[in-house]
Amino acid sequence: QVQLQESGPGLVKPSQTLSLTCTVSGGSITTNYDYWHWIRQPPGKGLECMGYIGYDGTINYNPSFKSRTSISRDTSKNQFSLQLSSVTPEDTAVYYCARETTFTFYSWGQGTQVTVSS
């Protein structure tokens, strides 16, 4: 069973860069046709897909975040990461990593709360 675990600071100051890592166990991030997503949920709002990195290293960003977002991976550690720059309080959210294949999300991390505040 594939399991995902987010990690990173819970508090980030405005204008700084938010950095999160998702550690995957029970499966490889290079498994064919798996896509590894970052998704967030601001308080009182719905889920927002930020982007993903594919099994083959291809990356796709939500245009709403593209100018501020960078997704990368470390296959030796079976991890993938998110960086969101120039954060504001509106970036306060629960951030999730998730595994998707054939347009279905099969595995989710438990989520990590990130608060942007001075």
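1. Strands 1, 3, 8 and 7 make an open, antiparallel sheet, in the order 1-3-8-7. Strands here are DSSP runs of E, at least two residues long, numbered from the N terminus. Two strands pair if DSSP finds at least two bridges between them. Strand 1 (3-7) and strand 7 (69-74) are the edges; each has a single partner strand, so one side of each lacks a neighbour in the sheet. On average, neighbouring strands of this sheet are turned by 20° against each other, direction ignored. The axes behind that angle are lines fitted to C-alpha atoms, and angles run from 0 to 180 degrees between N-to-C directions.

2. This is a predicted model: local features need pLDDT of at least 70, side-chain atom pairs count only at pLDDT 80 or more, and totals for chains, interfaces and linings use all residues. Residues are numbered from 1 along each chain as its sequence is written, and side-chain values use heavy atoms, with hydrogens and water left out.

3. Look at strand 3 (residues 18-25) and strand 8 (residues 79-84). They pair antiparallel over six bridges. Leu 18 has Leu 84 of strand 8 as its bridge partner.

4. Strand 9 (residues 93-101) is largely enclosed by the rest of the structure, because eight of its nine residues are buried (under 20% relative accessible area, 1.4 Å probe, protein chains only). Strand 4 (residues 34-41) pairs with strand 9 in the antiparallel sense over eight bridges. Gln 41 stands opposite Val 94.

5. Strand 9 also pairs antiparallel with strand 11 (residues 112-116), over three bridges. There, Val 94 has Gln 113 as its bridge partner.

6. Strand 10 (residues 104-108) joins strand 9 through four antiparallel bridges. Ala 98 is partnered by Trp 108. Their hairpin has two residues between the strands, and Thr 102 takes a positive phi near 45°.

How values were computed: Buried means under 20% relative accessible area, exposed over 50%, partly exposed in between (1.4 Å probe, protein chains only).
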